[in-house]
Amino acid sequence: MNVTEGRPAAKVTRRAVNWILGSTVGALVASIVYPVARFITPPPVPEATTEQVEAGLADDPELLAGGFKIVRFGLEPVILIRLAADDFRAFSATCTHLDCIVSYREEKHLIWCYCHNGIYDLNGKNIGGPPPRPLTPYRVHVVREGGGPDRLVVARA
Ligand code: FES
């Protein structure tokens, strides 16, 4: 009589133990798999959808003094060059050779990469040194609104 009454109680206990073990193993596997999956999966990149950015004022002292500045276009650095009062150019500032940041040499009217003496013309074309490709061009809009100072907007070409 005790044996038949004891069996159901033992089954429940075994099920409970199995459930607890299964849950523990499941939680352990999830705690390993989830972080690995999050690490492997690339994060969403909102900058990939960036179509234009504000680049400051047209009479920015930095642009007037040296003729250029580096602005952020999402994750991409962009070199913004002022050639004349209404003549602005913008290109990816990442050298196409080994990813150094380029600068503008006002006295020579060219874009220069100091890392290996890479040279680009003012259309972004690689004309000297090791860079294998031209710089990616961007458009520059001078925005005049309501009598305020002119603003610069850099957009994808
Ligand atoms: S990284 Fe620019 S020339 Fe090498």
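Me: What makes V78, I79, L80, A90, F91 and V154 stand out among the 22 residues of the largest nonpolar core?

Reply: Those six residues touch the most other members of that core, a nonpolar core being a set of buried Ala, Val, Leu, Ile, Met, Phe, Trp, Tyr and Cys residues joined through C-beta atoms within 7 Å. Buried means that 20 or more other C-beta atoms lie within 10 Å of the residue's own, exposed that 12 or fewer do, and partly exposed in between, with C-beta atoms placed from the backbone. This is a predicted model, in which local features need pLDDT of at least 70 and side-chain atom pairs count only at pLDDT 80 or more, while totals for chains, interfaces and linings use all residues. Residues are numbered from 1 along each chain as its sequence is written.

Me: Which strand supplies the largest share of this core?

Reply: β3 does, with four residues; strands are DSSP runs of E with at least two residues, numbered from the N terminus.

Me: Why are β5 and β6 called paired?

Reply: Two strands pair if DSSP finds at least two bridges between them, and three bridges join β5 (residues 103-105) to β6 in the antiparallel sense, so the criterion is met. R105 has L110 as its bridge partner in β6.

Me: What makes β6 and β7 a pair as well?

Reply: β6 and β7 (residues 118-120) also run antiparallel over three bridges, and therefore satisfy the requirement of at least two. I119 in β7 is the bridge partner of W112.

Me: Which residues form the covered face of β6, and which the uncovered one?

Reply: I111 and C113 make up the covered face, whereas L110 and W112 lie on the uncovered one.
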